[in-house]
Amino acid sequence: MSIKEKLISDNIPKHVAIIMDGNGRWARQRGNDRTFGHEHGVESVRSAVEGARELGIKYLTLYAFSTENWNRPKEEVNALMALLVHAITEETDKLNENNVRLRVIGDVESLPGEVQKKLNGSIDRLADNEDLTLILALSYSSRWEMTDAMKKVAAKVEQGALKADEITEETFQAHLNTASYPDPELMIRTSGEQRISNFLLWQIAYAELYFTPTLWPDFRKENLFDAIYEFQQRERRFGKTSEQINEENAQKA
Ligand code: IPE
Ligand code: IPE
Ligand code: MG
């Protein structure tokens, strides 16, 4: 029996987030420059999207370029931006056929004009698709996002539209880039690093974390199925006791 067949269909996460890491090391292992790894990472994105659709995952957020990644050598940043334009151009038709909607989180305005134009064109074209929402995190960092949200909330207080003591967790959440998406139940990081690198810090408060040594260019949908399988073995308690969770499950059944 394949891992996919072992998955429990009514316990598939609605939202999975992936830190796609290890492209540079993958390329170096092959005696190539880092960009070679980024290029090969596109196939992994394709496979992950396919796998997500097969399982009925509704939201897939991919960390593609962080705020901190702007500090990489200029040639690598330029190559990544060019690859982004190329990938969007190449993949939009297929995403459309597969009923995938595209969204972006991050400081989009800091991206080169051509990238913004391509992205917006694709986002518009795929806007009515509803099987899967593919969310690309570009020029994204969680601290940037939270600071941005804080500014928006503060502006409302300043304008008198909101009182400071009326601010709730929901108010803050509603001003994040991810306001219209549920929190990810599962976050995956490839390449063996076990850190979050400024990704979705607010949203992963109760996400299950899954780390795999697989480098991103080697990642395929079967690796996603492995992660979901592991997710399904865990007991998510949300601060309660195991006994309470068992009782709740018995009542639901
Ligand atoms: C992830 O792979 C892609 C981006 C961060 C853009 P890396 O480029 O970080 O590859 P490693 O971690 O150096 O191997
Ligand atoms: C995180 O990977 C960002 C993306 C995958 C886009 P990095 O390779 O930039 O993270 P660190 O620097 O190893 O933490
Ligand atoms: Mg890395």
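A residue is near a molecule if one of its heavy atoms lies within 4 Å of it. By that criterion, 13 residues surround ligand 1, and D21, G24, R25, R34 and R72 come nearest. This is a predicted model, in which local features need pLDDT of at least 70, side-chain atom pairs count only at pLDDT 80 or more, and totals for chains, interfaces and linings use all residues. Residues are numbered from 1 along each chain as its sequence is written, ligands are numbered from 1 in the order in which they are written, and side-chain values use heavy atoms, without hydrogens and water.

**Ligand 1**
- A polar side-chain atom of R34 lies 2.8 Å from an oxygen atom of ligand 1, which falls under the definition of a polar contact (a pair of N or O atoms within 3.5 Å).
- A polar backbone atom of N23 is 3.1 Å from an oxygen atom of ligand 1, and for a backbone N or O atom of G22 the distance is 3.3 Å.
- The shell around ligand 1 consists of three nonpolar, five polar and five charged residues, where Asp, Glu, Lys and Arg count as charged and Gly is among the polar ones.

**Ligand 2**
- The residues around ligand 2 include I19, M20, D21, Y63 and R72.
- Oxygen atoms of ligand 2 lie 2.8 Å from a polar side-chain atom of R195, 2.9 Å from one of N69 and 3.2 Å from one of D21.
- The shell around ligand 2 has five nonpolar, three polar and four charged residues.

Technical notes
Polar contact = N/O pair within 3.5 Å; in protein donor to acceptor, adjacent residues only side chain to side chain.
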